[in-house]
Amino acid sequence: MTGPETDPATATEEAPPATDAADAPVDGADAAPAPESDDTVDAAIDDAVADVTGSDKESELLADLQRVHAEYANYRRRAEREKVSAQQYGKGDLIKSLLPVLDDLDRARAHGDLEAGPLRAVADKITETLTAAGLASFGAEGDEFDPALHEAVQHEGQGSNPVIGTVYRQGFRLGDRVLRTAMVVVVDGPEPAVQTPTGQTDEE
């Protein structure tokens, strides 16, 4: 004996929809966080690069500033040296033009014309002024002959120990600069004493 017949259409309508177990939510579990977008990651990388680049830029600018400061300091020192050198050179040229005046005064002094009177006072003032400016004379009898400082117009003797004999014209220097060489006669100086083993000289 069979039960009541069921309409296939009605049975289909009353059946609950099938549910996929994989799609069903799990009770008590939170949903997984969505992954960060590529734009967010790129922005974070750009910020980090900007920080590093900014630090490097500050170091570069500081190095440039220090280099410019050092170059400027060197320029100031070089300019100051050139200024002093130019002043010394100009002063040397002026004093060099006055050397013939000193020669005339020396000749007048040698003839006794500067022993007294107003001319002596003028000569003394000129000499004192030039000496205070740094002018110094060289080339005296008995000095060792130096071809860089003395111009020899005559040689007397064998030349074993050359020294200055007669001085025709004094030499002058201003600081380290030689304004004029001395004109001299070169003669033989006395031979140095030979030391004996006992420490006494042959002359003793």
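**Figure 1. Strand β2 runs parallel to strand β6 in this predicted model.** Five bridges join the two strands. Strand β6 covers residues 182-188. Look for Q154 and V185: Q154 stands opposite V185, which belongs to β6.

**Figure 2. Strands β2, β6 and β3 make an open sheet.** The sheet has three strands, in the order β2-β6-β3. Their pairing is mixed. β2 and β3 are the edge strands, and each pairs on one side only. Strand β3 covers residues 162-169. On average, neighbouring strands of this sheet are turned by 40 degrees against each other, with direction ignored.

**Figure 3. H150 sits in strand β2.** That strand covers residues 150-155. Is H150 buried or exposed? Its relative accessibility is 7%. Buried means under 20%, so H150 counts as buried. Which residues touch H150, once neighbours within four places in sequence are left aside? The contacts are F138, G139, E144, F145, I164, A182 and V184.

**Figure 4. T166 lies in strand β3.** T166 has a relative accessible area of 39%. Partly exposed covers values between the 20% and 50% cut-offs, so T166 falls in that class. Leave aside its neighbours within four places in sequence, and T166 is in contact with E141, M183, V184 and V185. V184 is also a contact of H150. Now find V186. Along the chain, T166 and V186 are 20 residues apart. In space, their C-alpha atoms are separated by 7.6 Å.

**Figure 5. Strands β1, β4 and β5 make another open sheet.** Three strands form this sheet, in the order β1-β4-β5. The pairing here is antiparallel. At the edges are β1 and β5, each pairing on one side only. Strand β5 covers residues 177-180. From one strand to the next, the twist averages 35 degrees.

**Figure 6. Strands β1 and β4 run antiparallel.** How many bridges join β1 to β4? There are four bridges between these strands. Strand β4 spans residues 171-174. Within this view, A136 stands opposite R173, a residue of β4.

**Figure 7. The largest pocket holds about 170 Å³ of space.** Its lining residues are L102, L105, D106, R109, T127, L130, T131, L135, A136, S137, Q170 and F172. Three elements give two or more residues to this lining: α2 (38-110), α3 (118-132) and β1 (135-138). Which element gives the largest share? That is α2, with four residues. What kinds of residue line the pocket? Six are nonpolar, four are polar and two are charged. A136 appears in this lining, and A136 is also the residue opposite R173 in the β1 and β4 view.

**Figure 8. The protein chain has three helices and six strands.** Read along the sequence, the pattern is α-α-α-β-β-β-β-β-β. The chain contains 204 residues, and buried residues make up 15% of them. H150 is one of the buried residues. Now consider contacts with a separation of 6 or more. Residues 24 or more positions apart account for 61% of these contacts.

Methods. Residues are numbered from 1 along each chain as its sequence is written. This is a predicted model: local features need pLDDT of at least 70, side-chain atom pairs count only at pLDDT 80 or more; totals for chains, interfaces and linings use all residues. Side-chain values use heavy atoms; hydrogens and water are left out. Buried means under 20% relative accessible area, exposed over 50%, partly exposed in between (1.4 Å probe, protein chains only). Contact means heavy atoms within 4.5 Å. Two strands pair if DSSP finds at least two bridges between them. Axes are lines fitted to C-alpha atoms, for helices over the stretch in contact, and angles run from 0 to 180 degrees between N-to-C directions. On a 1 Å grid over the protein atoms alone, a cavity is a set of points where a 1.4 Å probe fits but cannot get out, and a pocket is an open set with protein on both sides within 12 Å along at least five of seven lines; lining residues have an atom within 4 Å of a point. Grid points are joined across faces, edges and corners, and a volume is the space filled by probe spheres set on the points. Ala, Val, Leu, Ile, Met, Phe, Trp, Tyr, Cys and Pro count as nonpolar, Asp, Glu, Lys and Arg as charged, and the others, Gly among them, as polar.
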